[in-house]
Number of protein chains: 4
Amino acid sequence: MSDIVRFGVSLSRKLLENFDRNITRKGYTSRSEALRDLIREHLVDFEWKEGKKETVGTITLVYNHKTRELGEKLTHIQHQYVNLIISSTHIHLDKHNCLEVLILKGAGKKITAIADKLISTKGVKHGKLTMTTTGKELA
Amino acid sequence: MSDIVRFGVSLSRKLLENFDRNITRKGYTSRSEALRDLIREHLVDFEWKEGKKETVGTITLVYNHKTRELGEKLTHIQHQYVNLIISSTHIHLDKHNCLEVLILKGAGKKITAIADKLISTKGVKHGKLTMTTTGKELA
Amino acid sequence: MSDIVRFGVSLSRKLLENFDRNITRKGYTSRSEALRDLIREHLVDFEWKEGKKETVGTITLVYNHKTRELGEKLTHIQHQYVNLIISSTHIHLDKHNCLEVLILKGAGKKITAIADKLISTKGVKHGKLTMTTTGKELA
Amino acid sequence: MSDIVRFGVSLSRKLLENFDRNITRKGYTSRSEALRDLIREHLVDFEWKEGKKETVGTITLVYNHKTRELGEKLTHIQHQYVNLIISSTHIHLDKHNCLEVLILKGAGKKITAIADKLISTKGVKHGKLTMTTTGKELA
């Protein structure tokens, strides 16, 4: 396909041998694929630092569903951003603990602001924002 | 409830003022809650470093669903670990790009190994492991 | 001293026990000190994200001193920022490899820009920016 | 030189263009150099996770030199590890605050343990361990 380009990289034999050994352990069968992954990770970091581009993130929340009004509060916050939240998965981890994983698409800055709001809500035991990508720029 | 304990923290006024200003911006309405979040984050990091305890993680994969046999490969890997994977959510980001978010429960080391396998698969554009928790130890 | 304030934190006994066990392993003899460290780390992160405040950082460079003109290039870049660079320590790691550790004071954004320039210089094997603080706000 | 090898990487034009734009902003003049830096960073992370190999790190400490006995305590800890600590640089940041930057060589695990001890000492305002390398494996 015309969309694929090829270029050469030169480096010391030792560096290459170490890299090859390392990625094999991680399960890579192709050195090019491992390098593309390093490049993509680099680009995703950058995309999020810029803050304005449309990107994709997940917000992971662990909480006790018995905490008074917590579920309502979290739902209330989410409803203010329905245009950004694509989906929400709820897992009953045990009798008390729930995991909620939201998937969001929008400007990095906005997703970060929603994550801050949800994670800072009293009763949320653990919250994390995971920065991934729409995949468009990584074609 | 008898399960709640209280203790005092002493620190300089300046440090406290800076902390309060900062967490207010993040949306916290309670200083105790912000401190508990710092404590929990610390514990979750530690739990994952140990590697053996049961914990919870998500694996986020972005890929082009048209890449030959990629979907099959990813499904094949996942089927080897059905006892660890709780759920999988699939989002069609656009005509080409898919997002798959897996939720897993098990030893941190095992979840990390599955993440390595999936993320290193050729054609996966971006993959990330997010380390969260069962919530049990953060009661 | 009047500058020290004290406040109470309430949390579940289990969370506190886990935290205490964890910080003891790390060598803390005081729970307050461990909490203050979490607070300070949080504030330093924030200070650097803002970018404009005066702060302190180190830049760590590992390179082969025999690489042609590399030393000159690195010195040349450093001389453009003499007002920001406080000190530079040079260690001969072995016959070929050198470690240079620069200590800088200034706006976070500027220190980051200098780090980018130095680390991207051809021949630098490994470079890292470490974000620390003037200590003023952490009084 | 016979020690240099060359290999080809294939990737989509779009991914390459994004990468080139990004690294140019960071100051890279050579794409190969940017890729080598990604590879090296990957290897240094791995070296530290393994814990046993000889590696190099810095420990950055900010503290108020007027805090009673703090200087003595930090010196005392350091003296137990003289064979690991290569050098120590002390900067007077202002009337009260000091920055101390230690450079260490040894097993990653040991350097981490020393960092834990120093950073957890009461009165240290901010402490960080920076993981770099002997450079040997990155030849």
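In this predicted model, helix H1 of chain B meets helix H2 of chain C through Leu15(B), Asn18(B), Phe19(B) and Asn22(B) on one side and Arg36(C), Ile39(C), His42(C), Leu43(C) and Phe46(C) on the other. Sorted by class, this contact comes out at 5 nonpolar, 3 polar and 1 charged residues. H1(B), which spans residues 13-26, packs against H2(C) at an angle of about 60°, and the two axes lie 10 Å apart. An angle of 65 to 115 degrees would count as roughly perpendicular; H1(B) and H2(C) are therefore oblique to each other. Their crossing is left-handed.

Chain C also has a side turned to chain D, where 36 residues of chain C are in contact with 36 residues of chain D. On the chain C side, the elements giving two or more residues are helices H2 (31-50) and H4 (108-119), together with strands S2, S3 (85-92), S4 (97-107) and S5. The chain C residues here split into 11 nonpolar, 15 polar and 10 charged.

Two of the strands just named, S2 and S5, also pair up within chain C. S2(C), residues 54-64, runs antiparallel to S5(C), and 7 bridges join them. One of the pairings puts Val62(C) opposite His126(C), its bridge partner in S5(C). As for S5(C) itself (residues 124-131), 7 of its 8 residues are buried, so the strand is largely enclosed by the rest of the structure.

Not every pair of chains meets, though. Chains A and C do not touch, with 10 Å between their nearest C-alpha atoms. Likewise, no contact joins chain B and chain D, and their closest C-alpha atoms are 10 Å apart.

Definitions and conventions:
Residues numbered from 1 in each chain as written. Chains lettered and ligands numbered in written order. Predicted model: local features only at pLDDT ≥ 70, side-chain atom pairs only at ≥ 80, totals over all residues. Contact = placed C-beta atoms within 7 Å. Buried ≥ 20, exposed ≤ 12 C-beta atoms within 10 Å, placed from the backbone. Helix = DSSP H or I, 4+ residues; strand = E, 2+ residues; numbered from the N terminus. Pairing = 2+ DSSP bridges. Nonpolar A, V, L, I, M, F, W, Y, C, P; charged D, E, K, R; others polar. Axes fitted to C-alpha atoms, helices over the stretch in contact; angles between N-to-C directions. Parallel < 35°, antiparallel > 145°, perpendicular 65-115°, else oblique. Left-handed = near helix turned anticlockwise from the far one by under 90°.
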